[in-house]
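Okay, thanks everyone, I'll keep this short. Let me put the structure up and then we can walk through it together.

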Amino acid sequence: MDYREYSKAEAYKLQNAGGLVMICTRGVGGRYNLAPIAWSCPIDYAPVSRFVCVLDTGHQTFTDLSASREFAMALPRPSQKDLILQCGSVSGAAADKYEAFSIPYFGANRIDVRLPQGITGWIECSVSRVIVEGTSALVLGDVLYAAAIEGFWKERFHYVDEGTSFAPGAEV
Ligand SMILES: Cc1cc2nc3c(=O)[nH]c(=O)nc-3n(C[C@H](O)[C@H](O)[C@H](O)COP(=O)(O)O)c2cc1C
């Protein structure tokens with residue numbers, strides 16, 4: 001894949017297009033994990049892009065990034081729908097998803113996480129703040145590195161509900 005690097009100030013554009021992300025983490029025991037997250041958005045861009053992700057505090061993803069203080073948001077495409085649903089159906093506490101689902105991957109640029117091959121781009125973040133509200137956590141991440149293919153936003157997977165997902169497809 002031919003990924004172009006985005007500066008820390010313009011990285012928010014990768015998520016301005018909206019869409020589901022796969023949060024990629026590494027746990028304290030060394031297990032790499034990934035989970036689909038539909039709820040996330042940019043909240044700032046200067047001096048670096050900042051994002052918020054809404055995570056259930058019971059998820060392994062939350063445990064992982066609370067300890068490592070870093071995570072990546074992988075931007076999947078519609079052809080990866082099965083992978084998205086698989087990774088959303090089991091916890092990384094119970095299984096090594098990369099092994100269980102034979103997920104091909106490549107290493108992230110600045111942090112120690114695995115990214116599934118075939119994604120349209122990704123955003124690496126350090127955790128700058130965690131706000132817990134009941135069983136939901138707002139995880140704020142400051143971008144460390146971001147990259148995407150040309151026209152990534154057309155090919156991004158968007159999730160509405162169990163029966164509805166789409167990719168924007170064309171500029172209007
Ligand atoms: C399409 C889809 C979207 C999801 N969006 C979210 C979300 O925004 N926040 C969240 O906490 N969980 C979300 N989930 C649920 C988690 O991905 C799921 O519980 C996952 O198995 C958690 O894995 P983990 O325990 O390894 O972190 C979503 C699941 C799917 C299938």
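I'll start with the ligand and then go through some backbone details.

So, first off, this is a predicted model. There are 21 residues around the ligand, and the ones that come nearest are H59, T61, G88, S91 and G92. As for which elements give two or more residues to that shell, we've got β3 (32-37), β5 (50-56), α2 (60-68) and α3 (81-87). The largest share is from β3, with four residues.

What's the shell made of, in terms of nonpolar, polar and charged residues? It splits into 13 nonpolar, seven polar and one charged.

Okay, backbone. Have a look at A46 and P47: the peptide bond joining them is cis, with omega at about 0°. P47 sits in the loop between β4 (40-44) and β5, and β5, remember, is one of the elements giving two or more residues to the ligand shell.

Next, a couple of positive phi values. R69 isn't a glycine, but its phi is positive, about 60°. You'll find R69 in the loop between α2 and β6 (70-75). Is R69 buried, partly exposed or exposed? R69 has 13 C-beta neighbours inside 10 Å, so it counts as partly exposed.

The other one is S102, again not a glycine, with a positive phi near 45°. That residue is in the loop between α4 (97-100) and β7 (105-107). S102 counts as exposed because it has 7 other C-beta atoms within 10 Å, and the cut-off for exposed is 12 or fewer.

That's it from me, happy to rotate the view if anyone wants.

Key
Residues numbered from 1 in each chain as written. Predicted model: local features only at pLDDT ≥ 70, side-chain atom pairs only at ≥ 80, totals over all residues. Near = placed C-beta within 6 Å. Nonpolar A, V, L, I, M, F, W, Y, C, P; charged D, E, K, R; others polar. Buried ≥ 20, exposed ≤ 12 C-beta atoms within 10 Å, placed from the backbone.
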